[in-house]
Structure formats: C-alpha cells, structure tokens
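Let's take a friendly look at the aromatic rings of this protein and at what lies around them. Have the sequence and the 3D view ready, and follow along residue by residue.

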Amino acid sequence: MSLCGGSGPAAAPRLRPRAAQMARRPELLCGAAIVLGCAFLVALKVTCSRAKDVTMPAKLPVNFFSTRSPVIDLFRGQLDDAEHFRQDSEIVLYFFYAPWCGQSIAAREEIEHVASRLSDQVLFVAVNCWWNQGKCRKQKHFFYFPVIHLYHRSFGPIEYKGPMSAVYIEKFVRRVMTPLLYISSRSKLLDFLSNYEPGVLGYFEFNASPQPPGYLTFFTSALHSLKKDYLGTIRFGVITNKRVAEEISLVHSGSVYLHRHVNTSLIYPNDVMNYTAENICKWALENREMLIRWLRPHGGKSLLLNNELKKGPALLIFIPYNPLAEINPLLDEITKVALEYHNCNKSQAAEPDLQQLGDSDSPAFDSSVPDAHMKLSETFSITKYPCCNTVVLPQWHSISRTHNVCELCINQTLGVKPNKVHMPHCSFLEIEAALDSFYLQEHTFFQVVSNTIECSNFLSFYSPFSYYTACCRTVNRHFLSFISSEKTILQTPKVAFSSHGKKDNTQHSIPHIEDRNWFIPDLHISGTNITGLSCRTNKTLNLYLLDSNLFWIYAERLGASRSNHLKEFAAIVDLKEEVHYVLDQNQSLVGSTLENFIKNFSILYSPLKRHLVDDPSVHFHEQRVITEVTTNTFHDTVFLSDKNVLLLYYGQWCGFCASLNHIFIQLARLLPPDNFTVARIDITRNDLPWEFMTDRLPTILFFPHQRKEQSVKFPEDFSVNLPNLLRFILHHSSLSSSEPCTKECLHKETVLQQGHISHLEREIRKLRSEISALHQAHDQLEAQLSEARREEHRLQQQKHTLEKQHKTLQLHSEQLQATYDQKNQELLEMAEKLQELADASENLLKENTLLRILVASSEGKLQSKDEIKESLQSEQTLSEDDLSISTAIATSDEKRIDNIDTIETEHSSGNGTE
C-alpha cells in the first residue's frame, strides 16, 4: 500500500521506511488529539459564558408639534434645513427642544400660541436637538432645554432667557421685530421720555437718503442691547424731525442721546469713542439709570435674589403684569413713587426737558406773566423746600410764664432768584452754622408778650451767599395754652419785622412753618417728604418689581395671604439686619400707601414691626401631650397662660432634638396638666421676637407662672434627662414672688401645694405599681438570661466544631491548590510537546512531497528503460555483424542502469535513516 497514492511494485519498498518512521511513536498523536480537544472545550466554554453587550437601537423620533401647528418641526434635527429657512425669512425664531424635557413640553403650548399670532411676520422653527443622529445634536451642545434663538436677518443669535410664558415671548419677539421706535412729534417724544425705563434716542435726517449715515449702526446697537440684556430695559428711538430733536439738544444728524430722569442726560461722545454698534450699546448699558428694576428668577438654582439683596435693603413689589398691555395704571403709579424717591434735586431739575416740553405745549403758557405771579413762584420755590429748625429761647425772667419760640430758616441771599437746577440743600452743618449766628444775636429776639409774629433777616457769618430768617413769637409754658396759642397763630397771623433786620415785603419773607399757607393761599403744598428721600437717609431702598402671576410663591414665603385674589403685595427685606417688613394687606397697593411704607422705614425710629414668618402647616390636636407652638400662638400659649410653661426649641434637621421626644412625653405625663404646660416650637419655620430667639438647638426655656418675664434657660452643661428636668422645674417654679403675699395668696399657695402633694402621691403610687411590675419583668429577664447563657454555651461548642471543620477545609483547599498547580504545569508541558509534534508533522509533509517527486522521476526512468529494451529486441533481427556491437552497448547500458538504481536505493535509505 502506497502512502502517497503511487502505484507499482517498485514504489512499495521505497515508501515502507517512511511509514515505519511515522508509526514509530503513536502516543504523541493521541496526546496531541486529547490536548486539542480540551483546549477547544475550554475556549468554547469561555466564549459562551461571557455576557454579550446588547444595544437596543434608539426609537425613531416623532413630531413634537402637531402637523397643523404653524411651527415647522424638524424632529430629526435637520440643522441644514433650519439654516436654509433662515436665509429666506427676515425674522426667524428657533425653538431647540428635547422630547423628554418637561420644560420643553410645557413651553410647547406657549410657542404655538405666539406662533398663531405672529406666524405671518415671523417664521417659527422647532429643532429636535436630542436625536443622536441629527446634525443639531452633533453641532450644538446645549446644557439645558428649551433654548430660544431669534435672528433678525443676518444678525443673531439673540437668545431669549425670560419666562417661558406666551406674553413675555411675544413681547420679546416684537422688540426684535421693531427694535427702534420712530418719533416724529413732540407728543411722541414726551411719551418716550416719560417712561420709567431708560431710553436712547438717535437723530437722523431721512430727507437725503433712505438710510442716512450711522443709521444702520444705531439699528444694530438696538439689537445688541437685546442680545446682552434679554429683559430689554433700554428702549431705542429714532427722531426724524429736526425741531423735535432740538428739544433735547440734538442738532447734528447721527447724534445719540441717553435720557435719564434724575441725573444729567448724556450725548454720545463721538470724539472719544468710535461710532460702532458695540460701543453705543456698551455706553448705554454703563450709563443707564435703574430707578426700579424687574426681577425674573428662572426657577432653578440661581444667585439672582441673593446678589440683589446683598446690595442693601430692598423693596419688593409684586403686581400682576401683562407685558403686552399698553396701559398699566398701577405700574405708572409705582414709577412716580420711584422717581420722587430718587429725585435728589428737589424735582425742579429732575425733568427739565419734560417741563420745557410741557410748558411749551401748554396753551396757558404766556411770557407776559404778572409780577405778582413771579413773586409768588419765587416764594413757592423757597417755601416748598424749607431748611428750618425750631428754637426755644430761655425765659426772659424767672417769674415769666412765657417762652420765645423762633423758626430759623436758611435762605439764599436777598435779591438772588433761586435756581431751578440747584435748590438749597438742608444739611446739619448749615443748620449748625445758622444756630451759631442766631445765638450770637438772640438778645434781639426777646419779647415780653406779643400776639404777632415778628420775622427778621440777618446775614450768615459763614457764607456770603445765604441769609437767615427768624420768625418769633411768645407762647405760654402751659401745654394747653401752648396749643391754644398755636391755634391763634394759625387763625390770626400778623407779621411784622423788627427794626434791626432787613425789611422786605411779606411775600418775600419766610413765616413760621405752620403759617406759610396764609401767605401762599393759592398754592397746594403737599405734606409728603418722599422727594429725594434716597439721598437723605442711610437706609436707602433698592426698588424691585416682580410679576405676581409668575412669582407669587415668593410673596407667600414673605408673608402674603394665600387667600389674596388681587395678588398685590409689597415687602421690605433687609438681609443685613435679618428682618423684613410687610405692607398691610388690608390697604390697597397705591402710590400713597407705598410712600408711607417707605417713609416709615426710612425714619430713625421706624414704627414698622418685623414680620414674623408663621408655619401654616401645623395642625393642632386637643389630646396631644406636648403643645405645638407657632408664631401666632406663642404669645397666647406662653404669656397669657396661667400655667408654668416649659418650651423646647427644635428643628426638623436636628437629630438630637428628636431623641428628646420620649423624655418630654414622660415629663408631660408626670407634671399636673392644670399647672404645667410642656410645649415645643420649630424655630426653623416660625420666627419669634429677637429676645426669644436662640442660636443653638435644642434649647429649653422655662416660663414660671406669674413671673413670665423671669424666664430661665436650662443649663447647657447639664445632661437633658428626666431627673434633671424635674429638679430644674421644681426649683424655679417654687421661687417666691417679689411682692409680699397676702392671706388670700397664702391660701391659694396652700391649696396649690396640697394639689401638688396629692398629685405627687398619686404619681408615687403609680411609680410603686410600675416598680412591682418592673420586679416581675426583672425575674422574667433573669430566667431568659439563664436560658440565653445556656444557648450561648451551646453556640460556643458549635463554634469550636465549625472552626475545626474550617481548618480541615482549609487543608483540603491547600491540597487542591497544589494539585491544580501540578496539573497546570503538566498541561504546559503537554502543550510544548504538542508544539514539537506539530513541527515534526510539518517536516514529514515536506519529506513526503520530496518522495513523490522522486517516485515520479523513477517511474519515468523505468518507462524509458522498457522502451530501450523493446528497441534492443527489434534490433536483434539485424545483421549478425552488428550483434557484437549492440551486445556491448546493451551490456554497458544495463550496467549504467544498475548503477543508477543502486545510487537511488542508497539515497532513499539515507533519507529514511535521517
């Protein structure tokens, strides 16, 4: 049998040595087969036991907006389509959303509402920026949703960060649509300047060209302001009439004017700053006037309120506000209060432009004013804002019952007309200087008895530009006579000037404060002092507005009533002093109440009372052992009660306070309920007067009966347990009163002590029964303990047995580990042998190929030998002459063939031996 598939009897002897060589070591083949099989099984097991990652493909997005909605919904994040839409539209609103986002879902309806109103002017496009295969998700990296971007032609994006309410979004979109207001008349200019928001005006002449130089820059600056200030607090306007522009001192085309109510208005400095949109916007934002500011917290984690309250006391005004409403009377009234409050120039210089416009537009304006009217206005300019001080001179004689009372006022030099821009300020230094000058001449003002008011003018010793006026009269020392004399002054005033002063017309003099209306009967002098109050007090308020439709929860936390349907509320918050005051909610929120609220806060000794926050979630139970106290019930429970009160201050977050609950429950059960009250208050949710606040928790205060003002604090170095609390209560409740006790008091005290004794006897009997029950429980516990000890002994024995078994198992484990290491080593050696066998097999394959080549060549040679023999046999018929030659040739050929066979046999034998 030939291994190479060869045939012929000559091949078998030559291949037999090769077969013998391969069959010489059959154990290697068996071992290799076993090792390969084991390796295959191990690999199969490892592959099958490994958990495969299963990835569920994301669901395809669906329409976020309905197909009938005016909003184009690119729910697959096609940002290229969105950019294409922007190129074809003038105003575009992009609404980037995430389908899972709750705020995006809530804002969807608001966007649809705005789109239904403005779809003919604005293109609304919604883009899904959460789809992972969309281009929006790959290019835009938003940290929150939804995001609203607006584009005005090529300018943008202008991000909207206001409330997600339809009215606010629509207001902002309309501001982007028309960033400029066009003013062509004085009435429109007056309306623009009278608004409480700061305004920027630009004057451009449109006669020469439809787009005069600088107009596009000014237009772009308005868009820049919306981009930097999403609240849109600065309004931009364009004046197209030269005469109207001259009213605010704009002469040259391209001039820009920033209107301010209190401070001086400004004109853009072209010679200092380049005329660019960014510079105009920056200039307006840096120099704007913020008399009153809107606060719009976005509802998330923010430091907006904290940063604003840190600036100082703040007046927070909550009003229902509609941004789209053209008229808001309540807002206008609040604006007037804010203007008066910040008007430090006594209101005559506050609105010079508005006064000029109003005077020039008024039909009653006439240049030929009578002298009397001019004098009256001069008198009004002085008396409306007096700087006066009342001075009481000492008695002129010891037996006299009268005093000389003078009203000392500071005025400008006689003959100098008061300036509208700068009115005389009233300061302490000026009053002090006036008093010094007055007391140097006080002897000239003494009168014995006089029913008239004598006014005198005298110069100042410190300033040549001011003089003083002193109006004096004598009054009775008795209070009633003083009141009647004041009435007499008001009823029958008579003014006369002393001879040592400068005489002048009575219309130019300054009478007593109470009498000035007699000299100026036609003028109505308001009693308000809020004008310029922000500059005359150290408790200046920052005014803020909040929309109660959106942020009413803040008002409720400050103390607003939950049943208030008007949603109008005002509160002053002083973060530094940790107090806040609330405007009386029974009063309507109008300008006069706000003025009184501000004035009451600003005075030195404010009559406002600190508002105490109460916890409305506390429910009272009549059968509760411990009384729960709140802000509203604190006074009634502690001070108006006829019992001794033990009060625990606690907080929900205080873990140690909760651990004292069982002690106070036991204490409340031990103490007689007719004489003692055990109460607690959550100090984190209920405010108390400062004298009853605490800086640590828990805190225990005891208020003794009839001595509530002598409250005692439980010592901090004592452990809070039942015996210590009882000693503390009994010690401080038995102190004698400071007043002597009568027989009735002693009888009551005796009855009270007898009641205490009887109550204590009942408690002792209860304690004795509890002690007997405790003894029985002690015996039961002893029996249970003995049983537990036996059980513990048994468990100890089981423990020792388990420890022995553990040691045995540990030995077995070590043996198995050694066996495992041995087998592992054998497996490694088997793998090496397998590798050697594989290499030997490869060599055998190469030799087998060589043998095939040799067999094929030998077969070819045998075939040629047969052909030669046949040719020799055919030639035997030839002539006998050639026989000897052919025989010699044949003999030589046979020898040559035999030599070749011998060489091949030796070569094959040599290969087999190798």
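In this predicted model, the charged end of R235 sits over the ring of F192, at 4.1 Å from the ring's centre. You can find a second example at K539, whose charged end lies over the ring of F601, 4.6 Å from its centre.

Rings also pair with one another. How many aromatic pairs does a search of the whole structure find? It finds 33. Here are two of them, side by side:

| Pair | Distance between ring centres | Angle between planes |
|---|---|---|
| F142 and F145 | 6.1 Å | 75° |
| Y268 and W283 | 5.2 Å | 85° |

Why is the F142 and F145 pair called edge-to-face? Planes over 60 degrees apart count as edge-to-face, and the planes of F142 and F145 meet at 75°, so this pair belongs there. With planes at 85°, the pair of Y268 and W283 is edge-to-face too.

Now see where the second pair sits. Y268 is in the loop between β10 (266-267) and α10 (277-287), while W283 is in helix α10. The two residues are 15 apart, and their pairing links distant parts of the chain.

Are these rings buried or exposed? Y268 is buried, at 4% relative accessibility, and W283 is buried as well, at 6%. Back in the other pair, F145 counts as buried at 10%, whereas F142 is partly exposed, with a relative accessible area of 23%.

F142 and F145 also have company: together with Y94, F96, W100, W130 and Y151, they form one aromatic cluster.

Terms used:
Residues are numbered from 1 along each chain as its sequence is written. This is a predicted model: local features need pLDDT of at least 70, side-chain atom pairs count only at pLDDT 80 or more; totals for chains, interfaces and linings use all residues. Side-chain values use heavy atoms; hydrogens and water are left out. Rings of Phe, Tyr and Trp (its six-membered ring) pair if their centres lie within 6.5 Å; planes under 30 degrees apart count as stacked, over 60 as edge-to-face and the rest as tilted. Buried means under 20% relative accessible area, exposed over 50%, partly exposed in between (1.4 Å probe, protein chains only). Helices (H or I, at least four residues) and strands (E, at least two) are DSSP runs, numbered from the N terminus. A charge sits over a ring if NZ of Lys or CZ of Arg is within 6 Å of the ring centre and within 35 degrees of the ring normal.
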